[in-house]
Amino acid sequence: MTNVGKNSTCNQQRLENIKKCDESDNILEALCFPEGPALGAYSIRPSSEEVIVCVLCTESAPLSEKDRLVKHLLLEHKLVISDVKLIADFAKYILYWKRRFLEGVITDFCSVMKTNSSGPVEKQESFFLLCDVLPEDRVLREQLQQKRLEEILEQQQREREDTSFQRTCLFCNEEFTGNRSLLLNHMAREHSFSVGLPDNIVYCAEFVDTMENKLENLQCLYCEKTFRDKTTLKDHMRKKLHRRINATNPLYDRFYVINYLELGKTWEEVQSEDDREFGEDKDDDWSDWQSPPVCAVCLFCKQQSETMDKVYTHMKEAHGFDLHKLKTDLALKFYQQVKLVNYIRREIHQGRCYGCQEKFGSSADVLSHIFNAGHVMQLPATSVWDQPQYYFPTYENDALLCALSDSESETESSDHTGDVPVIAEDISNLRVLKQTSVLNHLLKKTDTEN
């Protein structure tokens, strides 16, 4: 028997267990065959009508039913192909080995494993394992993986440059035509629903279709629970902060380029390797490291700035809104500033003037009213906006909230920096202190006991 290390030993044990059971579902389950008809969570899906032919006979099956062919290879020819789900193009893989098997005997390419090796010879069976322990098989798998990666990158580039993308937002009725980034950025900005950077996504149309089908079936995108109506579903996703996809669901893996980078590795495995390398490299000099810039967005327009001073200056000069002056005049504490910013953002988003509470049809109309009516620095009574509901940000990634100054801590720090008076103990009459001290009583009591 050819020894191929741990893989052969593991497969031999599985095959011995199979012989003890009925030849049905136990075979596939023990060998961990893929459950679905697809080529795996990360593979490019070719035409399901493509037919694949057995490497050792004329038996064939549609690519969508490749599990049936894998089972045929095991039962009829005692041939086991390892890690089928990690083969990027199964049809080309089978075609390659069909040609190679015509050029030589199967034992030239496969490891041989015997079941019931300790029993009588007549009860032993030989199985053949085709795996990447064979250098030729390993090279073939890597070439198929590389070809798939090239196709994915070409598809990604086409989608980046495509301007014919047309879809309706998943959460409102607004329609977008042009590049896919318009829709994805809108959902992230207006609905706090982010699926990542548009440039990291591939097959965007299918991705949106998948999410849309789930929502139409009244299913939460994160926890997968089903609800009785759309209103209940929307309330659930908003209150539970489930306006996101479940990163551990392999259904979404094929839509992210990172899952195609390395053979047989998910994005979690790739990311964990990067983290380990980052943690093990202790000799790097971090003295010149700078934190990435935080882009804060103006309260009244889409202007973004990397520094908070620029945001404050822009709002003051372009819109006449002075947040520092409001903080000083109203003696706002830190959390009151948070509430005020969230209140203003929410009112403008809902098309309502935060100063006079007049309602308008759009954000553009209410902004025009605020500037024309001079309501930029006009705030309602404190009781209107100083409410617990405004602790929660209107926009989840609102960097402006991270830059608000804590007036209380500033006051405390300024107080501590001044000269603190120290009052010394009054020792003007030491004799009186000695006579009235409680120590005198204790000393007398000790002398009496002795």
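**Group meeting: a walk through the predicted model**

The mean pLDDT of this protein, where pLDDT is the predictor's confidence in each residue on a scale from 0 to 100, is 78, and 72% of the residues reach 70 or more. This is a predicted model, in which local features need pLDDT of at least 70 and side-chain atom pairs count only at pLDDT 80 or more, while totals for chains, interfaces and linings use all residues. Residues are numbered from 1 along each chain as its sequence is written, and side-chain values use heavy atoms, with hydrogens and water left out.

Let me start with the confidence. Helices here are DSSP runs of H or I with at least four residues, strands are runs of E with at least two, and both are numbered from the N terminus; the protein has 17 helices and nine strands. Among these elements, helix H2 (residues 25-30) has the lowest mean pLDDT, 37, and helix H7 (residues 204-216) has the highest, 92. Over residues 1-7 the pLDDT stays under 50, and the model gives this stretch nine contacts beyond four places in sequence, a contact meaning heavy atoms within 4.5 Å. Residues 408-418 are also below 50, with three contacts beyond near neighbours in sequence. Where pLDDT is low, the predicted coordinates should not be read in detail.

Turning to the whole chain, 37% of the 450 residues are buried, where buried means under 20% relative accessible area, exposed means over 50%, and partly exposed lies in between (1.4 Å probe, protein chains only).

Now to individual residues. Arg 254 sits in the loop between helix H8 (230-239) and helix H9 (267-280), and it counts as buried because its relative accessibility is 8%. Its side chain makes a polar contact of 2.9 Å with the side chain of Glu 206; such a contact is a pair of N or O atoms within 3.5 Å, and within protein one must be able to donate a hydrogen and the other to accept it, with residues adjacent in sequence counting only if both atoms are side-chain atoms.

Which residues outside glycine have a positive phi? Asp 83 does, at about 50°, in the loop between strand S3 (79-81) and helix H4 (90-103), and Asp 83 is partly exposed, with a relative accessible area of 42%. Glu 224 has a phi near 70°, lies in the loop between H7 and H8, and counts as partly exposed at 24% relative accessibility.

Finally, Phe 392 is placed in the loop between helix H14 (382-385) and helix H15 (407-417), and Phe 392 counts as exposed because its relative accessibility is 56%.
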